[in-house]
Amino acid sequence: MTVSDQLSPVGRTMVQRLKYKEESLVEWENKVAAGSEEDAMYLLEFPTVYVIADGSGKKKQYTVYVGETNDIVRRTEQHFRGDRISRSDFNDLYLAEGSEMYVVANERFNKSLTLDIENRLMQYVTAVDRVVTVNNRRTNPQGRYYTEEYLDSTFNAIWERLNAYDPLLFPPAKKVRDSAIFKASPFHRLTDEQENARQEILQAVEKQQHAEHPSKLIVVSGEAGSGKTVLISSLFLDLLTGEGDPSVDPEFENMDAYLVVNHNQQLAVYQDIAKKLGILQTGNEKSGPERVVKPSRFINLVDPSDPVDLVLVDEAHLLLTQGDQGYSGKNQMRDILARARMVVAVYDHKQILETSQYWEPDLFDEVFGQCDVHIELKNQMRMDAAAATVNWIRALVDDRSIRPFPVPAGSKDSHGFELRIFDDPVAMYEKIKEINKRLAVEANRTHEKDPESPVESGLSRLLATFDWPFSQKPPENEPRMWMVDVGKLSLPWNLQMKEKKKKYEGSSWAEQSFTINEVGSTFTVQGLDLNYAAVILGPSIKYRDGRVIIDPSASAHSKATQQRTLRDKSKRRLGDELIANELNVLLTRGVHGLFIYAVDEQLQEALLRAQSDSTKTATVPLE
């Protein structure tokens, strides 16, 4: 079966499927050679990209290998004869009854373009929920080259044709792109800023790997949306496997390395990536230690007398700086440093949310101030918004001021980002449900053919500041849950509704479709992206005398408002700073849109006035 046509600027694209068997390869080669000379040239003589997949199990879960080659027949024969002897994964693919191979050709293919297509295919298939194993882990994104301008259009055409062959293995592209695992994928093509940071870190690690007294700490700082997670994920692949960028020191493969994160949602994403790439181990004596863990788990696993080579710490601002019920130490960062020869820590002080995470300035300087390398990421990459829109949000959070809207009410900015103030929380909730449903429909063409696949949620959610009571223990008046009540709006807080379905295993809160009926918080969205975020500013966020103010007494987040005992035994309240950080996290979640409703009347009036006072010309009316 052949799918081929002429597209501009894609160029002629061909995708062919055959059984992954020696006799099928011979038959396919003969058929191609006997057909069109042009087809034969592109398929047999030009560079090609290929996907080998086995989905023959009862549950239709796939094992996948993605590759590129200058000679598809010779390379496949190598897999059949040589690779299956030296690698069990190739032998398993060869022996599996249902294994198939997809050969991709394009008239614009050269070595660089095929390497980029290969890399992006790995990025996509790793994020597909039915793919349980990706056998290759090499990343090799290219720099500048002659046909790079055709990468996006060519890949989109290829993926569309693959989707026509098998929509379970190759679901609609939007569904893949909206998944949390895709957004944190180590196969992203890094920006120049991220790549420079990556190279600086790898060089520092390589230099210090065999040093008698290695440098201890590399710090990567940057605000929400600056690309820290993608950078740490890329380093995770490079340093935990030695099989990322082929230019990376091959000795990294033997490093005793870990990734540590103190956020349940993000931990689940990294563990899913690790499972698919064969990195994660179960933590028993036979299989070796776990590699993706929470900080307390790592601290308990490793003895300071036998430190590991390297620890990557994502969201280091969430590490505890005092003991709690699950941690008996005094400072998790110090405990990690004591158990590793080197630590790479990603940090953003504007995302510290609890008193137990607070760093006293002198202690911070003691630990972080003495780092050997400090890299700051400055580019905002999450919100696809014009600079004026980003500046409006930053002024609200950082300066606590409300400026006139960057675009008139009823308009999107030049990037298509939708910023809007609602005068009714029910109307805002209905709008976010409408957008969520529309985006879900766009991403869910697979579901009718595959009822067991996760129903894409549209990744648009209602969020709120932590100004309504919530506890992990259910309220006394069961079966009522902990609720967010605002006027006529009444919805349960996040993580209370349960649907014990396998299709939701490993999915983040926002990826589970039923959570559109809950209100999210920083606990469920920090570090993750939404398409649209609708945020209720509770009574802790007020407006007085022309300024936004924080009222900790109106917050229900006791871990942010309780007193912190400092090192000198004095006590300090940090609610103003920590609730402002909470506001920062919530208002920077949306990639394409942000809706706001404020409970405080004066704040609501000021926001609506800012929305109506703008005098700029609308460019894109809302639907």
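How many nonpolar, polar and charged residues are in the lining of the largest cavity? There are four nonpolar, two polar and four charged residues. The model is predicted. This report starts from that cavity and works outward.

## Cavities

The structure holds three cavities of 30 Å³ or more. The largest cavity takes up about 50 Å³. Its lining consists of D178, S179, A180, K183, L459, S508, A510, E511, L528 and D529.

One residue of that lining, L459, has an unusual backbone. Its phi is positive, about 50°, although L459 is not a glycine. Most residues other than glycine have a negative phi. L459 sits in the loop between helix 16 (425-443) and strand 15 (460-464). Its relative accessible area is 2%, so L459 is buried.

## The second largest pocket

The second largest pocket has a volume of about 1300 Å³. Its lining counts 47 residues. Nearest the centre are F182, K183, H188, M381 and D529. Two of these names, K183 and D529, also appear in the lining of the largest cavity.

By class, the pocket lining has 15 nonpolar, 16 polar and 16 charged residues. Several elements each supply at least two of the lining residues: helix 5 (111-126), helix 6 (151-165), helix 7 (173-177), helix 8 (180-183), helix 10 (228-241), helix 11 (264-276) and strand 23 (590-598).

Which helix gives the most to this lining? Helix 5 does, with five residues. Of the 16 residues in helix 5, 15 are buried, so the rest of the structure largely encloses this helix. Its length also checks out. At 1.5 Å a residue, helix 5 should span 22 Å, and its end C-alpha atoms are 23 Å apart, which agrees. At the start of helix 5, a side-chain oxygen of N110 comes to within 3.3 Å of the backbone nitrogen of S112.

## Helix 2

Helix 2 (residues 37-45) has a similar contact at its start. There, a side-chain oxygen of S36 lies within 3.2 Å of the backbone nitrogen of E38. Within helix 2, D39, A40, Y42, L43 and L44 are buried. Their cover includes strand 2 (13-19), helix 1 (22-34), strand 3 (48-54), helix 3 (72-86) and strand 5 (100-106).

## Buried loop residues

E315 and H317 share a loop, the one between strand 10 (308-314) and helix 13 (332-337). Is E315 buried or exposed? At 4% relative accessibility, E315 counts as buried. H317 is buried too, at 1%. E315 also has a positive phi, near 55°, and is not a glycine.

The side chains of H317 and E315 are joined by a polar contact of 2.8 Å. The H317 side chain also reaches the backbone nitrogen of D348, at 3.0 Å. Beyond its sequence neighbours, H317 touches V346, Y347, D348, Q351, I352, Q357 and Q526.

Q351 belongs to another loop, between strand 11 (340-347) and helix 14 (361-367). At 3% relative accessibility, Q351 is buried. Residues more than four places away in sequence that touch Q351 are A224, K228, E315, H317, L318, Q526, N581, N584, V585 and R589. E315 and H317 are thus among the contacts of Q351.

N494 lies in the loop between strand 17 (489-492) and helix 17 (522-525). Its relative accessibility is 2%, so N494 counts as buried. What does N494 touch, apart from residues up to four places away in sequence? Its contacts are F470, W509, E518, V519, G520, S521 and T524. One of these, F470, is 24 residues away along the chain, and its C-alpha atom is 9.3 Å from that of N494. A polar atom of the N494 side chain lies 2.7 Å from the backbone nitrogen of S521.

The polar contacts described above are collected here.

| From | To | Distance |
|---|---|---|
| N110 side-chain oxygen | S112 backbone nitrogen | within 3.3 Å |
| S36 side-chain oxygen | E38 backbone nitrogen | within 3.2 Å |
| H317 side chain | E315 side chain | 2.8 Å |
| H317 side chain | D348 backbone nitrogen | 3.0 Å |
| N494 side-chain polar atom | S521 backbone nitrogen | 2.7 Å |

Notes:
Residues are numbered from 1 along each chain as its sequence is written. This is a predicted model: local features need pLDDT of at least 70, side-chain atom pairs count only at pLDDT 80 or more; totals for chains, interfaces and linings use all residues. Side-chain values use heavy atoms; hydrogens and water are left out. On a 1 Å grid over the protein atoms alone, a cavity is a set of points where a 1.4 Å probe fits but cannot get out, and a pocket is an open set with protein on both sides within 12 Å along at least five of seven lines; lining residues have an atom within 4 Å of a point. Grid points are joined across faces, edges and corners, and a volume is the space filled by probe spheres set on the points. Helices (H or I, at least four residues) and strands (E, at least two) are DSSP runs, numbered from the N terminus. Ala, Val, Leu, Ile, Met, Phe, Trp, Tyr, Cys and Pro count as nonpolar, Asp, Glu, Lys and Arg as charged, and the others, Gly among them, as polar. The expected span of a helix is 1.5 Å times one less than its number of residues. Buried means under 20% relative accessible area, exposed over 50%, partly exposed in between (1.4 Å probe, protein chains only). A polar contact is a pair of N or O atoms within 3.5 Å; within protein, one must be able to donate a hydrogen and the other to accept it, and residues adjacent in sequence count only if both atoms are side-chain atoms. Contact means heavy atoms within 4.5 Å.
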